[in-house]
Amino acid sequence: MLNGTKRYITNAPEAGIFTVMARTDSTKKGADGISAFIVERGAPGLSLGNIDKKMGQKGAHTCDVIFDNVRIPASNLIGGVEGIGFKTAMKVLDKGRINIAAASVGAAERILRDAIRYAKERKQFGKAIGEFQLIQAMLADSHAEIYAARCMVLDAARRRDDGLNVSTEAACAKMFASEMCGRVADRAVQIFGGAGYLAEYGIERFYRDVRLFRLFEGTTQIQQLVIAQNLLRDAA
Ligand SMILES: Cc1cc2nc3c(=O)[nH]c(=O)nc-3n(C[C@H](O)[C@H](O)[C@H](O)COP(=O)(O)OP(=O)(O)OC[C@H]3O[C@@H](n4cnc5c(N)ncnc54)[C@H](O)[C@@H]3O)c2cc1C
């Protein structure tokens, strides 16, 4: 029987099946007592909360998924073995983290493109603002950071394709790229000036949308813990 509520599930209002990690052995502490399941939308006892009202990412719906004595057939146990759900989750998370890092690079590239276009268009004191060195510094810092994050994403993805353990690299790429994207979006608002704060120019939407990258698939603090714990374990 599954009981409990998982909050903020992306696409839950549209989903036909859910993958669920749940504790199946209360005698074991930590990761060992967790199993992974497939649960179908129509399962008796499974219900959904209202669609969340979010800061951004309004095209992707999220809501709570509520389990009230949901009975799961043994055939729905992923991997067919109890207690390996956390390991399954970690494998999925490494891939997911590289994915969020790549999404952060893509969003930052688009935001920088918009900022460059605006810097060439907008005139102040008789010049395009892109001619001011303080604006150029923000463009240059953004480009350098995007380039660094892009290299990290490609390196982590190649290592994963080669079958290597990329727990540290995926966490590094996710942490750096999502934080980088937040800095690039913030600078873009600055380059747009007052227009950066107005909905009609589009930059404020990116600023809100990319804020999520630092939170989901593990917050920046959780990536820091993963990286540090791996370093300390490997040095032992
Ligand atoms: C729009 C959206 C979509 C999402 N989609 C999904 C989804 O599809 N599937 C899914 O499973 N989840 C999803 N999530 C959940 C998301 O992954 C979590 O919200 C996120 O991992 C943070 O967990 P939390 O909200 O419980 O924050 P908390 O764990 O309460 O964290 C609060 C603060 O404490 C810090 N913190 C927590 N623990 C530690 C620690 N040990 N050391 C130092 N600092 C710590 C965090 O970094 C954060 O700053 C989604 C969330 C959002 C907002």
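1. Let's start with C151. In this predicted model, C151 is partly exposed, with a relative accessible area of 39%. Where is the closest cysteine sulfur? It belongs to C172, and at 14 Å from the sulfur of C151 that is too far for a bond.

2. C181 makes a good contrast in setting. Buried or exposed? C181 is buried, with a relative accessible area of 0%. The closest cysteine sulfur to that of C181 sits in C151, 16 Å away, which is again too far for a bond.

3. So how many disulfides should you expect to find here? The structure holds 0. To count as a disulfide, two cysteine sulfur atoms would have to lie within 2.5 Å, and the 14 Å from C151 to C172 is too far for that. If the term is new to you, a disulfide is a covalent bond between the sulfur atoms of two cysteines.

4. Next, have a look at α3, which runs over residues 167–192. This helix has 26 residues and reaches 38 Å from its first C-alpha to its last, close to the 38 Å expected at 1.5 Å a residue. Just after α3 comes G193, which takes a positive phi of about 65°.

5. Keep following the chain and you get to Y201, placed in the loop between α3 and α4, the latter being residues 203–209. Y201 is partly exposed, with a relative accessible area of 39%. What does Y201 do at the surface? Together with Y197 and L198, Y201 forms a nonpolar patch there. The three residues have about 370 Å² of accessible area together.

6. Y201 also turns up among the aromatic contacts. The structure holds 3 aromatic pairs. One of them joins Y118 and Y201 edge-to-face, at 6.4 Å centre to centre and with 85° between the planes. Y118 lies in helix α1 (residues 85–121) while Y201 is in the loop between α3 and α4, so this pair ties together parts that are 83 residues apart in sequence.

7. What about the surroundings of the two partners? Y118 is buried, with a relative accessible area of 10%, whereas Y201 is partly exposed at 39%.

8. Which residues make up the aromatic cluster around this pair? Y118, F192 and Y201 form one cluster. α3 ends at residue 192, so when you trace the cluster on the model, look for F192 there. If you only have time to click on one residue, try Y201: you can follow it into the nonpolar patch with Y197 and L198, and into the cluster with Y118 and F192.

Methods. Residues are numbered from 1 along each chain as its sequence is written. This is a predicted model: local features need pLDDT of at least 70, side-chain atom pairs count only at pLDDT 80 or more; totals for chains, interfaces and linings use all residues. Side-chain values use heavy atoms; hydrogens and water are left out. Patches are made of residues with over 30% relative accessible area and no salt bridge: like charges are joined within 9 Å, nonpolar side chains (Val, Leu, Ile, Met, Phe, Trp, Tyr) within 5 Å. Accessible areas come from the Shrake-Rupley method with a 1.4 Å probe; for residues, only the protein chains shown count as cover. A salt bridge is a side-chain nitrogen of Lys or Arg within 4 Å of a carboxyl oxygen of Asp or Glu. Helices (H or I, at least four residues) and strands (E, at least two) are DSSP runs, numbered from the N terminus. Buried means under 20% relative accessible area, exposed over 50%, partly exposed in between (1.4 Å probe, protein chains only). The expected span of a helix is 1.5 Å times one less than its number of residues. Rings of Phe, Tyr and Trp (its six-membered ring) pair if their centres lie within 6.5 Å; planes under 30 degrees apart count as stacked, over 60 as edge-to-face and the rest as tilted.
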